[in-house]
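Trainee: I would like to go through this model and test the labels one by one. Can we set each value against its cut-off?
Mentor: Yes. Ask away.

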Amino acid sequence: MWELPGWQQAHHRLRKSLPGYCAFCLAPAQLGQGWCSTCFTELPWNIQCCEQCAEPVSQKAQRLCGRCLNEEPALTCTQANLLYQSPIKELVHDFKFNASSRAGMLLAELMLTKMPSQLGTALLAVPMHPQRARERGFNQAQWLAEQLSRRTGLPLIRAKCQKLAASQRTLNRRERVANLHGAFSLTGPLPAHITLIDDVVTTGATGNALAAVARQSGAERVDMWAVARTPLGNN
């Protein structure tokens, strides 16, 4: 009887509505946090990764992945503290598709547990086409950027997504790059160093497309700060 969908839905609602308890296991949370120490330690941390795209790498001393060595990205640095695996995957889904503000705050707090060493002078959320934003109800990257702006004191600048491109979820990296051609626009001049904000980095194509436009608009360095990175081989 415990596997009935109705019970699962009630359990899910309960987990989202209990402040002071771990969002992952319902044990008492650490003071001022949304998680317990055990769950925090066991989260899928992206510890060994490429400095430029945050893709997991096999060698501990490896600074860059093969792709970034062969084809230098427009992004100077990407920080994604976690891997897009359970339970982060479910948390992102709850935030992105159910508009859960608690899930969003948990993701923002997890980002803030390890901030980039160099944030630049402004934050820029990866924009969403207005039609997509209306369908979803909000832009999750913009929501995260607003929370991080308040916490860091850095101003927000905005870009436009002017192309209603096909969904990126079923496309490989090459197809994503082509799909994003001409998608973004920015009004310059921009600060010399800006940081893009997004929820998940999959292949890096979106961030690099926006970074290239930002560089054309005057930015000298563009970094990415995201919640999670899709693991190697899953993108």
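Trainee: Why is Cys77 called partly exposed?
Mentor: This is a predicted model, so the values are computed from it. Cys77 has a relative accessible area of 27%. Buried needs under 20%, and exposed needs over 50%. The value for Cys77 falls in between, so the label is partly exposed.

Trainee: How many disulfides does the structure hold?
Mentor: It holds zero disulfides. Cys77 is in none, as the nearest cysteine sulfur, that of Cys49, is 8.6 Å away.

Trainee: Why is there no bond between Cys65 and Cys53?
Mentor: The sulfur of Cys53 is the closest cysteine sulfur to that of Cys65, at 3.6 Å. A disulfide needs the pair within 2.5 Å. Therefore 3.6 Å is too far for a bond.

Trainee: Is Cys65 buried or exposed?
Mentor: Buried. Its relative accessibility is 4%, and the cut-off is under 20%.

Trainee: What makes the pair of Trp35 and Phe40 stacked?
Mentor: Two values decide. By the ring rule the count comes to four aromatic pairs. Trp35 and Phe40 form one that lies 5.5 Å centre to centre, with 20 degrees between the planes. Pairing needs centres within 6.5 Å, and stacked needs planes under 30 degrees apart. Both conditions hold, so the pair counts as stacked.

Trainee: Which residues do ring pairs link into a cluster with Trp35?
Mentor: Phe40 and Trp45.

Trainee: How do you know which label Trp35 and Phe40 each get for burial?
Mentor: Trp35 has 2% relative accessibility, so it counts as buried. Phe40 has 24%, so it counts as partly exposed. The dividing value here is 20%.

Trainee: How do you know that the span of H5 agrees with its number of residues?
Mentor: H5 covers residues 101–112, twelve residues. The expected span is 1.5 Å times one less than that number. This comes to 16 Å, and the end C-alpha atoms are 16 Å apart, so the two agree.

Trainee: What makes H5 mostly covered?
Mentor: Nine of its twelve residues are buried. Among them are Arg102, Leu106, Leu107 and Met111.

Trainee: What span does H9 reach, and what is expected?
Mentor: H9, residues 205–216, reaches 17 Å from its first C-alpha to its last. The expected value is 16 Å, so the two are close. Its buried residues include Thr206, Asn208, Leu210 and Val213.

Trainee: Which residues with positive phi follow H9 and H4?
Mentor: Gly218 follows H9, with phi near 120 degrees. Ala99 follows H4, with phi near 55 degrees. Within H4, residues 88–98, the buried residues include Ile88, Asp94, Phe95 and Lys96.

Trainee: Why is Thr230 called buried?
Mentor: Its relative accessible area is 6%. That is under 20%, so buried applies. Thr230 sits in the segment after strand E7 (221–229).

Trainee: What separates Thr230 from Leu82, along the chain and in space?
Mentor: They are 148 residues apart along the chain. Their C-alpha atoms are separated by 8.9 Å.

Trainee: And for the protein chain, how many helices and strands are there?
Mentor: Nine helices and seven strands. Buried residues make up 47% of its 235 residues. Among contacts between residues at least 6 apart in sequence, 71% join residues at least 24 apart. The accessible surface is about 12400 Å², with 53% of it belonging to carbon and sulfur atoms.

Key: Residues are numbered from 1 along each chain as its sequence is written. This is a predicted model: local features need pLDDT of at least 70, side-chain atom pairs count only at pLDDT 80 or more; totals for chains, interfaces and linings use all residues. Side-chain values use heavy atoms; hydrogens and water are left out. Helices (H or I, at least four residues) and strands (E, at least two) are DSSP runs, numbered from the N terminus. Buried means under 20% relative accessible area, exposed over 50%, partly exposed in between (1.4 Å probe, protein chains only). Contact means heavy atoms within 4.5 Å. Accessible areas come from the Shrake-Rupley method with a 1.4 Å probe; for residues, only the protein chains shown count as cover. Rings of Phe, Tyr and Trp (its six-membered ring) pair if their centres lie within 6.5 Å; planes under 30 degrees apart count as stacked, over 60 as edge-to-face and the rest as tilted.
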